[in-house]
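I opened my notebook to see how charged side chains pair up here and what surrounds the ligand. My entries follow in the order I looked things up.

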Amino acid sequence: MKKVAVLFVCLGNICRSPTAHGLFRQLVAEHNLSHCIEIESAGTSGWHIDEPPDPRSVSAAKSRGCDISDLRGRKFEAVDFNHYDYILAMDTANLDHLIELCPAGYSGEVKLFLDYSSQAKYREVPDPYHGGTKGFELVLDLIEDGCNGLLNTIKKEK
Ligand code: 4NP
């Protein structure tokens, strides 16, 4: 059976989407579902191709028991629509970019990642790149919540 394929997308692919990639990978492994769900992340910019995640994201994730240091930046490509079932943007600017590239007839989900979150205060994961530590903690809080909702949805839908 084909795995359910999930792609998290942000701008740089060094802060938000690799955090979601790593946290969701860990959650899926904890639920013994790694053989059913494959996970990737990408940036709509090509600014950080092959780079590791931002050290602030690595240490924030590590403080919650999640190692994301093995991940490397890559750019979102239109061919990703041929493979991924869930293409989830961290904010509306990135979602708009994805929708522009989305072929007619794409049968998967292209939406905001926080559509799967249980909280209603944030629709977008705020870009933490130019801010301080607090921003990275907020990213983790929102992403943890979104990952739980996403996994529950995939279990129901697939
Ligand atoms: P991300 O954050 O989209 O969450 O990876 C950013 C990373 C880098 C830049 C902007 C946002 N940048 O301007 O290089």
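**Entry 1: a charged network.** I began with a group of four: a network of salt bridges links R64, E137, D141 and E144. I kept in mind that this is a predicted model.

Within that group I looked up the pair E137 and R64, which form a salt bridge with their closest N and O atoms 2.8 Å apart. Why does this pair tie together parts 73 residues apart in sequence? Helix α4 (residues 133–157) holds E137, while R64 lies in the loop between α2 and β3, so the bridge joins those two parts.

I then checked how open the two partners are. E137 has a relative accessible area of 28% and is partly exposed. R64, at 30%, is partly exposed too.

**Entry 2: the wider count.** How many salt bridges does the structure hold? I noted 11. As a reminder to myself, side chains of opposite charge can pair when their charged atoms come close.

**Entry 3: E40 and R74.** My next stop was the salt bridge between the side chains of E40 and R74, at 3.8 Å from N to O. E40 belongs to strand β2 (residues 37–43) and R74 to the loop between α2 (55–62) and β3 (86–89), so this pair ties together parts that are 34 residues apart in sequence.

Both ends got an accessibility check. E40 counts as partly exposed at 27% relative accessibility, and R74 counts as partly exposed at 23%.

**Entry 4: K111 and E109.** I also wrote down the salt bridge of K111 with E109, where the closest N and O atoms are 3.9 Å apart. That value still qualifies, because the cut-off is 4 Å. K111 is partly exposed with a relative accessible area of 24%, and E109 is partly exposed at 28%.

**Entry 5: around the ligand.** Which residues are around the ligand? I listed C10, L11, G12, N13, I14, C15 and R16, then W47 and H48, and lastly D127 and Y129. The ligand takes up the space of the largest pocket.

I went on to the distances to ligand oxygen atoms. For G12, a backbone N or O atom lies 2.8 Å from an oxygen atom of the ligand. For N13, a backbone N or O atom is 3.2 Å from a ligand oxygen atom. H48 takes part through its side chain, with a polar atom 2.9 Å from an oxygen atom of the ligand. On its own the ligand has 360 Å² of accessible area, and the protein covers 91% of this.

**Entry 6: a second look at N13.** Is N13 buried or exposed? With a relative accessible area of 1%, N13 is buried; I noted that the limit for this is under 20%. N13 sits in the loop between β1 (4–10) and α1 (16–30).

The side chain of N13 has polar contacts of its own. One is with the side chain of S17, at 2.8 Å. Another is with the side chain of S41, at 3.1 Å. I put these beside the backbone atom of N13 that lies 3.2 Å from a ligand oxygen atom.

**Entry 7: A93.** My last look was at A93, which is part of helix α3 (residues 92–101). A93 is exposed, with a relative accessible area of 54%. I also noted its spacing to E124: the two C-alpha atoms are separated by 9.7 Å, with these positions 31 residues apart along the chain counted as their offset.

Key. Residues are numbered from 1 along each chain as its sequence is written. This is a predicted model: local features need pLDDT of at least 70, side-chain atom pairs count only at pLDDT 80 or more; totals for chains, interfaces and linings use all residues. Side-chain values use heavy atoms; hydrogens and water are left out. Helices (H or I, at least four residues) and strands (E, at least two) are DSSP runs, numbered from the N terminus. Buried means under 20% relative accessible area, exposed over 50%, partly exposed in between (1.4 Å probe, protein chains only). A residue is near a molecule or strand if one of its heavy atoms lies within 4 Å of it. A polar contact is a pair of N or O atoms within 3.5 Å; within protein, one must be able to donate a hydrogen and the other to accept it, and residues adjacent in sequence count only if both atoms are side-chain atoms. Accessible areas come from the Shrake-Rupley method with a 1.4 Å probe; for residues, only the protein chains shown count as cover. On a 1 Å grid over the protein atoms alone, a cavity is a set of points where a 1.4 Å probe fits but cannot get out, and a pocket is an open set with protein on both sides within 12 Å along at least five of seven lines; lining residues have an atom within 4 Å of a point. A molecule sits in a cavity or pocket if more than half of its atoms lie within 2 Å of its grid points.
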